Amino acid sequence: MKFADKVVIITGASSGIGEGVAKKFLAEGAKVVGCGVEPEMHIQDENAIYVQADLTAAQACRVVEEAVKAFGRVNKLVCCAGVTFIGSLETTDYDKFMRELSINLGGVFNMCKAAVVELKKQEGSTIVTVGSD
């Protein structure tokens, strides 16, 4: 198993791409810490926990704390959480645009910043960011 004994935080793990990524890491032997805004993750596995979080700075720190509490470390961070609001330049207002940036870019920044200290403790740690349209 490629990721046996590795602890992977996956944002957006409660649906879509993040859920698929979480399932793949579990299949490869990882311990998964999923997080997202939904109340729960659709994956039930003894090697997975879920932390409901919106990825603001404080909640990103809580995700990392829960990962360390449950599994003792963090080896990988995979940022899959994101939103796309439907609209064009003409129909999207500034506040909606800034909310999308805050989630899609701010959430990645907050998770990376929250996890970097724990990641640096592990040899071969990685951060992967995923984007889609």
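These exercises work through the sheet, the helices and the largest pocket of a predicted model.

**Exercise 1. Find the strand order of the open sheet, and explain why strand 3 and strand 5 each have one side without a neighbour in the sheet.**

Solution.
- Start with the order. The open sheet has 5 strands, arranged 3-2-1-4-5, and their pairing is parallel.
- Now take the ends of that order. Strand 3 (48-52) and strand 5 (126-129) stand at the edges. Each has a single partner strand, so one side of each is left without a neighbour in the sheet.
- Add the twist. From one strand to the next, it averages 15 degrees.

**Exercise 2. Describe how strand 1 pairs with strand 4.**

Solution.
- Locate the strands. Strand 1 covers residues 7-11 and strand 4 covers residues 76-79.
- Count the bridges. The two strands pair in the parallel sense over 4 bridges.
- Pick out one position. Isoleucine 9 stands opposite leucine 77 in strand 4.

**Exercise 3. Place helix 2 and helix 3 on the strands, then characterise the contact of helix 2 with helix 3.**

Solution.
- Begin with helix 2 (residues 57-71). Helix 2 lies across strand 1, strand 2 (31-36) and strand 3. Its direction is at about 155 degrees to strand 3.
- Turn to helix 3 (residues 94-120). Helix 3 lies across strand 1, strand 4 and strand 5. The angle of helix 3 to strand 4 is about 175 degrees.
- Set the two helices together. Helix 2 and helix 3 pack at about 35 degrees, with axes 8 Å apart. The crossing is right-handed.
- List the contacts. From helix 2 come Ala57, Ala60, Cys61, Val63, Val64 and Val68. They meet Asn110, Met111, Ala114, Ala115 and Glu118 of helix 3.
- Sort by class. This contact has 9 nonpolar, 1 polar and 1 charged residues.

**Exercise 4. Profile the largest pocket: its volume, its lining and the elements that supply the lining.**

Solution.
- Take the volume. The largest pocket has about 730 Å³.
- Take the lining. It has 35 residues, and Ala81, Gly82, Val83, Ile103 and Asn104 lie nearest the centre of the pocket.
- Assign the sources. Helix 1 (16-27), strand 2 and helix 3 each supply at least two lining residues. Helix 3 gives the largest share, 9 residues.
- Split by class. The lining has 12 nonpolar, 18 polar and 5 charged residues.

**Exercise 5. Which residues does phenylalanine 3 touch, not counting residues up to four places away in sequence?**

Solution.
- Locate the residue. Phenylalanine 3 lies in the segment before strand 1.
- Apply the contact cut-off, heavy atoms within 4.5 Å. Phenylalanine 3 then touches Phe25, Glu28, Gly29, Ala30 and Lys76.
- Check one pair. Phenylalanine 3 and glutamate 28 are 25 residues apart in sequence, and their C-alpha atoms are 5.4 Å apart.

Notes: Residues numbered from 1 in each chain as written. Predicted model: local features only at pLDDT ≥ 70, side-chain atom pairs only at ≥ 80, totals over all residues. Heavy atoms only, no water. Pairing = 2+ DSSP bridges. Axes fitted to C-alpha atoms, helices over the stretch in contact; angles between N-to-C directions. Left-handed = near helix turned anticlockwise from the far one by under 90°. Nonpolar A, V, L, I, M, F, W, Y, C, P; charged D, E, K, R; others polar. 1 Å grid on protein atoms, 1.4 Å probe; cavity = no way out; pocket = protein on both sides within 12 Å on 5 of 7 lines; lining within 4 Å. Points joined across faces, edges and corners; volume = space filled by probe spheres on them.
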